Amino acid sequence: MNKEVKLEDIVSLAKRRGFIYQGSEVYGGLSGTWDYGPLGVALKRNIMNLWWQMFVEDRDDMYGVDAAILMNQKVWQASGHVDTFTDPLVFCKKCHSRHRADKLENPNKCPVCGEEGSFTDPVQFNMMFETVVGPAGFGGFNSIELENGETYTKPQAEETNIAALIFDKNDRSYLRPETAQGIFTNYKNVVDSFYPDLPFGIAQQGKAFRNEISPRDFVFRSREFEQMEVEYFVHPEKWEEAFEQWRKDIEVFLDKLGLPRESVEEVEVPENDRAHYSKRTIDYEFAFPHGKDELLGLAYRTDFDLANIQRASGKTMEYHVKGSDETFVPHVIEPSFGVERALMAVLTSAYREDEQNGEKRIYLALPEHLAPVKYAVSPLLKNKPELVEKAREVYQMLKKKYGTVMWDDNGNIGKRYRRQDEIGTPHCVVIDFKTLENNTVTVRDRDTTEQKRVEIGSLDSEPST
Ligand code: GAP
């Protein structure tokens, strides 16, 4: 990073260049939700694919799953989320605004109306989004008017078995607040299908939802976000070595994201701040534009989840060591990554400003494997059909090889370069009159802005790392 990156810089670039827009913006937005534009979705996928490749495909001890977002409510009762997945909520008695008590800059002063000493005592607010599964969701009606004008009155649960099925609390469900439980509930399935040796891991990527009291700092704290999680099952006595190995693996991944080592700090979480399930947690904090804050977490979850599932479901979660009598409920190491926070850290690390020919330039020095567009191809002049035709040929050739190649013939070459710099395109290829003579093109490097002339054939053989 060549300067203190401000949050406004990132937000403005993200919107201007089609990375991230406010969710439901056209209707005034929906707080804590974000939509990914064409370049944002490409960058996000590149991050997620890198993670999947490194932590699933390149390893022999990892199994991927993709569980349903809606799960039986018993999952969240057994996991402790129904009772304890809460944040302290306070109300301002003057302006009636709502705040998360533990995140207030001044716990005595309302940040909205400025009133001092106006907060109520806190109430524990559960962050899970509750929903209803099946056709029982008429807002807890007692009677309802049908299309033919008749009134239908809700039966009492005890009147008939069907009524009990339809109207009792079994229809309640939650949007999952973490992907982890979809892994734990499939632990037995994976063991029965693959019978892997310990240690082994199950990985999942996908959406998670939390009704955050105060969404903030762009996508950093959202109400809908994505996680990339591994539950790594180990012998209870071997958790420490697995934990240490995960610290090393996480470091490699963060290097591949292009985060400078000095921007990331491992913070040992003290016992009273740890989640209810954890016996040890390290938070990886990154120097975000809004300050140092949690990028991801590494937790030792003991046998908390599998033991709970065993108790609540009555089904054994014990692992039987092949060729021995030893059985036990495995313990778990959990590296848990948030996609949005990884993306924000990548953008923050890549954001650069410099001066070219007396003009300010903004560019994203993204690692090439994360860049949404690998090559931009332009004819020098768009009103010369022979240049356009040749440029189309080069474009098709590169597109076949790299996929993410952009055609850009808008404005003059200088403007095209600026636009591509801002979205982090590592190479801009220009087809000019010399190309027609000797089959060479200019290739401009995003970071140095240097141009070199190369044979068209050699473009195709450049490494795509
Ligand atoms: N399964 C463990 C778990 O969910 P967590 O610390 O609550 O642990 C893990 O969340 C990661 O998910 C965080 O480190 C962060 O990267 C991401 N995350 C959590 N809440 C988030 C939110 N509201 N918005 C964006 N990312 C979030």
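These questions and answers look at the ligand, its pocket and the cavity in a predicted model.

User: What makes the approach of E178 to the ligand a polar contact?
Analyst: The cut-off is 3.5 Å between N or O atoms. A polar side-chain atom of E178 lies 2.6 Å from a nitrogen atom of the ligand. That is within the cut-off, so the pair counts as a polar contact.

User: How do you know that R210 and L295 make polar contacts with the ligand?
Analyst: Use the 3.5 Å limit again. For R210, an N or O atom of the side chain is 2.8 Å from an oxygen atom of the ligand. For L295, a polar backbone atom is 2.9 Å from a ligand oxygen atom. Both values are within the limit, so both pairs count. As for cover, the ligand on its own has 550 Å² of accessible area, and the protein covers 91% of that.

User: Which residues come nearest to the ligand?
Analyst: E178, E212, S222, E229 and E294 do, out of 21 residues around the ligand. A residue joins that group if one of its heavy atoms lies within 4 Å. By class, the shell has seven nonpolar, five polar and nine charged residues. Strand β16 gives the most, with five residues.

User: Why is the ligand said to sit in the largest pocket?
Analyst: The rule asks that more than half of its atoms lie within 2 Å of the pocket's grid points. The ligand sits in the largest pocket, so it passes that rule.

User: How much space lies in the largest pocket, and what lines it?
Analyst: About 1300 Å³ of space lies there. Of the 44 lining residues, R210, A275, Y277, D283 and E294 are the closest to the pocket's centre. Strand β16 gives the most to this lining, with six residues. The classes are 14 nonpolar, eleven polar and 19 charged.

User: Why is the space lined by A376 and S378 called a cavity and not a pocket?
Analyst: A cavity is space where a 1.4 Å probe fits but cannot get out, while a pocket is open. The largest cavity is lined by A376, S378, D408, R416, Y417, Q420, C428 and V429. It is called a cavity because the probe cannot get out. Helix α12 gives the most to the lining, with three residues.

User: How many cavities reach 30 Å³ or more?
Analyst: The count is one. The largest cavity holds about 40 Å³ of space. Its lining has four nonpolar, two polar and two charged residues.

Definitions and conventions
Residues are numbered from 1 along each chain as its sequence is written. This is a predicted model: local features need pLDDT of at least 70, side-chain atom pairs count only at pLDDT 80 or more; totals for chains, interfaces and linings use all residues. Side-chain values use heavy atoms; hydrogens and water are left out. A polar contact is a pair of N or O atoms within 3.5 Å; within protein, one must be able to donate a hydrogen and the other to accept it, and residues adjacent in sequence count only if both atoms are side-chain atoms. Accessible areas come from the Shrake-Rupley method with a 1.4 Å probe; for residues, only the protein chains shown count as cover. On a 1 Å grid over the protein atoms alone, a cavity is a set of points where a 1.4 Å probe fits but cannot get out, and a pocket is an open set with protein on both sides within 12 Å along at least five of seven lines; lining residues have an atom within 4 Å of a point. Helices (H or I, at least four residues) and strands (E, at least two) are DSSP runs, numbered from the N terminus. Ala, Val, Leu, Ile, Met, Phe, Trp, Tyr, Cys and Pro count as nonpolar, Asp, Glu, Lys and Arg as charged, and the others, Gly among them, as polar. Grid points are joined across faces, edges and corners, and a volume is the space filled by probe spheres set on the points.
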